[in-house]
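This report goes through one protein model, from a single loop residue to the fold as a whole. The sequence and structure come first, and the notes follow.

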Amino acid sequence: MIWILLLLIVVLLFSCLRIVPQAQEYVIEFLGKYRTTWGAGLHFKIPILERISRKITLKEQVLDSAPQPVITKDNVTMRIDTVVYYRIFDAKLYTYGVVNPVNALENLTATTLRNIVGELELDGTLTSRDTINSKMTAILDDATDVWGMKVNRVELKNIIPPEEIQSAMEKQMKAERDRRETLLQAEGHKAAAITRAEGDKQAMILAAEGERDARIARAEGEAKAIFLRKKAEADGLLALKEVGVDAAVIELKKYEALVNMANGTASKLIIPTDAVNAVTNNAIFSETTGLGDTTKPVIKEIKSKKEDPCCD
């Protein structure tokens, strides 16, 4: 009997040993009154006198609420569902602070959402997700401190407006897309016209520069040709001067130049008086002195006068 009693005592003692897993806490009550909170590790519970009131997990938890009907400031009813991320930081407050803390948090989330959205219009609600999330996080975190809960963040999962509002929004979005498309096309045509105009301008500038360069080159060529021609004439005159050509020959050369200029049909040649006089004087001088005259003189034969027989 003693061995059996000892065995029962050992079994009872071993049954009172508890191992608390990591990231969990146990709330212990002694005779129905809170005594302590066990953390992770091995603990011994006094049989019959102590009991585990609640097992609490310290991990972050997610509360996914069902869609709630919400009325905006401009009397539009929509359905919004939220996701709340929270964790328990005080097992005692979580156990004794409120009955069914998760249900309390869900109801508090719904009422807070209605209060915040009720101050916004439809467009503000659709475009102010971040504002709504931050406001709800601050309000819920402050309200759940007494429950031993820490609300880390709140996210609006879905915003479901009425069907007629959705249809109007789709039409508005389509009109906005059409407007943007028209603007983009107009900007594209404008850019293309500007590019073409700039291209034509550059082409005209390049053509003008090319014409200018061509004219300059032609003018330089003509100037060089004139210079060379005049230089040749000057060299020719210098050569004539060196061989001692007199003024008469020079005047004759002028006359020949005038004849060459008048080479053609229906041309009139006007000879200056001084040139004619020079040629005439030269001819008289040649006839008088015999210098410069290349024609052979005509020798006249003097026939002897026959005797008249009748006069003898």
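## The surroundings of Thr72

Leaving aside residues up to four places away in sequence, Thr72 touches Met78, Val117, Gly118, Leu120, Glu121, Leu122 and Thr125. The model is a predicted one. Thr72 sits in the loop between β7 (68-71) and β8 (77-88). Is Thr72 buried or exposed? Its relative accessible area is 3%, and because buried means under 20%, Thr72 counts as buried. The side chain of Thr72 also makes a polar contact of 2.5 Å with the side chain of Asp74.

The loop between β7 and β8 also holds Asn75. Asn75 is exposed, at 66% relative accessible area. Asn75 has a positive phi of about 60 degrees, although it is not a glycine. Ala23, likewise not a glycine, has a positive phi of about 65 degrees. Ala23 belongs to the loop between β1 and β2 (24-30), and with a relative accessible area of 24% it is partly exposed.

## Helix α3

Val117, one of the residues that Thr72 touches, is among the buried residues of α3. Helix α3 covers residues 101-117, 17 residues in total. From its first C-alpha to its last it reaches 24 Å, close to the 24 Å expected at 1.5 Å a residue. The buried residues of α3 are Pro101, Ala104, Leu105, Thr109, Ala110, Thr112, Leu113, Ile116 and Val117. An α-helix has 3.6 residues a turn, so residues three or four places apart point the same way.

Thr112 is a residue of helix α3. It is buried, with a relative accessible area of 5%. Not counting residues up to four places away in sequence, Thr112 touches Met136, Ile139 and Leu140.

## A nonpolar patch on the surface

Which residues form the nonpolar patch on the surface? They are Ile2, Trp3, Leu5, Leu6, Ile9, Val10, Leu13, Phe14, Leu17, Ile19, Leu42 and Phe44, and together they have about 1300 Å² of accessible area. Two or more residues of the patch come from each of α1 (2-15), β1 (17-20) and β4 (41-44). The most come from α1, which gives eight residues. Ile9, a member of the patch, lies in helix α1. Ile9 is partly exposed, with a relative accessible area of 41%.

## Salt bridges

How many salt bridges does a search of the whole structure find? The search finds eleven. Side chains of opposite charge can pair when their charged atoms come close. Three of these pairs are set out below, with the distance between their closest N and O atoms and the relative accessible area of each partner.

| Pair | Closest N and O atoms | Acidic partner | Basic partner |
|---|---|---|---|
| Asp64 and Lys157 | 3.2 Å | Asp64, 43% | Lys157, 43% |
| Glu176 and Arg180 | 3.3 Å | Glu176, 28% | Arg180, 51% |
| Asp213 and Arg212 | 3.4 Å | Asp213, 41% | Arg212, 48% |

The salt bridge between Asp64 and Lys157 joins strand β6 (residues 61-64) to strand β9 (residues 149-160), so the pair ties together parts that are 93 residues apart in sequence. Asp64 is partly exposed, and Lys157 is partly exposed as well.

Glu176 and Arg180 both belong to helix α6 (residues 163-242). They are four residues apart, about one turn of the helix. Glu176 counts as partly exposed, whereas Arg180 is exposed. Glu176 and Arg180 are also linked with Arg179 in a network of salt bridges.

In the remaining pair of the table, Asp213 forms a salt bridge with Arg212. Asp213 is partly exposed, and so is Arg212.

## The protein as a whole

The protein has eight helices and nine strands. Of its 312 residues, 19% are buried. Among contacts between residues at least 6 apart in sequence, 62% join residues at least 24 apart. The protein exposes about 23300 Å², and carbon and sulfur atoms supply 59% of that area.

Key:
Residues are numbered from 1 along each chain as its sequence is written. This is a predicted model: local features need pLDDT of at least 70, side-chain atom pairs count only at pLDDT 80 or more; totals for chains, interfaces and linings use all residues. Side-chain values use heavy atoms; hydrogens and water are left out. Buried means under 20% relative accessible area, exposed over 50%, partly exposed in between (1.4 Å probe, protein chains only). Contact means heavy atoms within 4.5 Å. Accessible areas come from the Shrake-Rupley method with a 1.4 Å probe; for residues, only the protein chains shown count as cover. A polar contact is a pair of N or O atoms within 3.5 Å; within protein, one must be able to donate a hydrogen and the other to accept it, and residues adjacent in sequence count only if both atoms are side-chain atoms. Patches are made of residues with over 30% relative accessible area and no salt bridge: like charges are joined within 9 Å, nonpolar side chains (Val, Leu, Ile, Met, Phe, Trp, Tyr) within 5 Å. A salt bridge is a side-chain nitrogen of Lys or Arg within 4 Å of a carboxyl oxygen of Asp or Glu. The expected span of a helix is 1.5 Å times one less than its number of residues.
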